[in-house]
Amino acid sequence: MKGLARSRLAKSVHDAGWSMFVGMLRYKAARHGRTFVRVGRTFPSSQLCSGCGYRDGRKPLHVRHWTCTECGAVHDRDVNAARNILDEGRRIASG
């Protein structure tokens with residue numbers, strides 16, 4: 001798999017690997033009575049304030065902490081994105 005990932009087939013190999021991983025997550029969620037929801041890859045999880053919902057815009061990857069200009073909440077980039085993804089997943093599942 002590693003060798004194929006370095007060849008001209010790399011995108012196909014990675015896509016197939018990701019597809020298998022998502023399939024396993026779906027299966028395991030169903031097996032344990034959980035709901036599996038896929039949030040779109042273009043969802044702006046790190047741009048939204050998880051407190052007030054204000055979209056603060058793109059940030060370079062080196063920005064690990066930021067303050068919302070609307071409500072003043074201080075966010076860790078990854079924790080904020082995780083909260084936003086959870087909220088979006090719940091929104092998708094309920095509707």
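**Close-up views of a predicted α-α-β-β-α chain**

**Overview: the whole chain.** Starting at the N terminus, the elements of the protein chain come in the order α-α-β-β-α. That makes three helices and two strands, taken as DSSP runs numbered from the N terminus (helices: H or I, at least four residues; strands: E, at least two). This is a predicted model, with local features needing pLDDT of at least 70 and side-chain atom pairs counting only at pLDDT 80 or more, while totals for chains, interfaces and linings use all residues. Residues are numbered from 1 along each chain as its sequence is written, and side-chain values use heavy atoms, with hydrogens and water left out. Of the 95 residues in the protein chain, 21% are buried (buried is under 20% relative accessible area, exposed over 50%, partly exposed in between; 1.4 Å probe, protein chains only). The accessible surface adds up to about 7400 Å², and carbon and sulfur atoms own 55% of that (Shrake-Rupley method, 1.4 Å probe; for residues, only the protein chains shown count as cover). As for contacts between residues at least 6 apart in sequence, 34% link residues at least 24 apart (contact: heavy atoms within 4.5 Å).

**View 1: a nonpolar patch with Phe21.** Trp18, Phe21 and Leu25 make up a nonpolar surface patch, with about 310 Å² of accessible area together. Patch members have over 30% relative accessible area and no salt bridge; like charges are joined within 9 Å, nonpolar side chains (Val, Leu, Ile, Met, Phe, Trp, Tyr) within 5 Å. Phe21 sits in helix H2, residues 10-31, and counts as partly exposed because its relative accessibility is 39%.

**View 2: the largest pocket.** Here we look into a pocket of about 330 Å³. Its lining takes in 14 residues, with Trp18, Val22, Phe36, Arg38 and Val39 nearest the centre. H2 supplies the largest share of that lining, five residues. On a 1 Å grid over the protein atoms alone, a pocket is an open set of points where a 1.4 Å probe fits, with protein on both sides within 12 Å along at least five of seven lines; lining residues have an atom within 4 Å of a point. Points are joined across faces, edges and corners, and the volume is the space filled by probe spheres set on them.

**View 3: Gly40 in the loop.** Gly40 belongs to the loop between H2 and strand E1 (65-67). With 45% relative accessibility, Gly40 is classed as partly exposed. Its C-alpha atom is 9.6 Å from that of Ile85, although the two are 45 residues apart along the chain.

**View 4: Asn84 and its neighbours.** Asn84 is part of helix H3, residues 77-94, and is buried at 6% relative accessibility. Setting aside neighbours within four places in sequence, Asn84 touches Phe43, Ser45, Leu48, Cys49 and Ser50.

**View 5: the salt bridges.** The structure has two of them, each a side-chain nitrogen of Lys or Arg within 4 Å of a carboxyl oxygen of Asp or Glu. One pairs Arg64 with Asp78, their closest N and O atoms 2.8 Å apart. Arg64 is in the loop between H2 and E1 and Asp78 in helix H3, so this bridge ties together parts 14 residues apart in sequence. Both ends are partly exposed: Arg64 at 35% relative accessibility, Asp78 at 47%. The other joins Arg91 and Glu88 at 2.7 Å, N to O. These two are three residues apart in helix H3, so about one helical turn separates them. Glu88 is buried, at 13% relative accessible area.
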